[in-house]
Amino acid sequence: MGIRDGTLSGVFSTLTPNPRVVQLDQNQPGGGAYSPIPAFEPYRVKHVDAARINRGRIAYQANRARLARIEAETGVPEEIMVAIYGHETNYGSYTGDFDLIRSLATLAWEGRRRTLFEPELLATLKMLDNGVPRSRLVGSWAGATGYPQFLPSVYLRLAKDGDGDGKADIWSSEADALASIANYFVHAGWRKGQPWGVAVSVPAGFNRAAVAARTAPARCPRVFNRHSRWLSMAEWRRMGIVPSRAGWPADHVMATLLEPDGPGKTAYLLTSNYRAILDYNCSNFYALSVGLLADAVRQ
């Protein structure tokens, strides 16, 4: 990776393990691909609450000029950028205070998930080599940093200079953070002009077996096992699916069905842009709440 010897020796000579980081990693919840999943509604109430919506609207209005410019350049909606910003760090109010290098070195050394954390440690050292101050290299215990909570490898690939000062400062520049979030979604395959999804009602007696997915998910099975197979909006409409609000994506738009709280509750038809949100964080609860927060912020 071209990391300087001086960087390596200067950093490694100062490191000691952080037992708190090991404890936090070992306490992460597990759950197999088919283990029980709680209802989404309690999570939604907590994460798409009035306070987060109101702060999102303030951030949205305060950044309208730069958001509009970024959307015009990338096709990523303004409100999606704001919703990620809000979910990840509550609009920059908390970004984490763990020393990234010490945390990632500890996790690589502990060994349980070395293949994940060792490359992130090296990416962090490369950031240091590239001129990012050591004081900036703080974040979550697992290595996420800055307003968008990028992993170091993601920062190296996708962080953008949004204010034209020649630096990608995702720790103090909202312009850089929002541009970087948009760049992430461009590379995740965001399709301009399509919604992330729509809330819908499923008719009584709906034949769910007829729309069950026919392939095993290659990744995140706990997430994707809950999705139906892909059908067009026209096909869903013919099956009696009704949008909860006015408006309906074009007939050709493909979507999967998700019923996060079970039959009889609000369901969602989810486009490929929802998959882009899952690329940011592979959790249905996270992706749904990002989409719903974005919709609320834009209103």
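User: Hi! What is a disulfide, and how many does a search of the whole structure find?
Analyst: A disulfide is a pair of cysteine sulfur atoms within 2.5 Å. This is a predicted model, where local features need pLDDT of at least 70, side-chain atom pairs count only at pLDDT 80 or more, and totals for chains, interfaces and linings use all residues. Residues are numbered from 1 along each chain as its sequence is written, and side-chain values use heavy atoms, leaving out hydrogens and water. Searching the whole structure gives a disulfide count of one.

User: Which residues form the disulfide, and how far apart are their sulfur atoms?
Analyst: Happy to help! The partners are C220 and C282. Their sulfur atoms lie at a distance of 2.2 Å.

User: How many residues apart are C220 and C282 along the chain?
Analyst: C220 sits in the loop between β3 and α11, and C282 in the loop between α13 and α14. Here helices (H or I, at least four residues) and strands (E, at least two) are DSSP runs, numbered from the N terminus. The pair links distant parts of the chain, and the separation is 62 residues.

User: Why does C220 count as partly exposed?
Analyst: Buried means under 20% relative accessible area, exposed means over 50%, and partly exposed is in between (1.4 Å probe, protein chains only). C220 counts as partly exposed because of its relative accessibility, which is 23%.

User: And C282, what is its relative accessibility?
Analyst: C282 also falls in the partly exposed class. Its relative accessibility is 23%.
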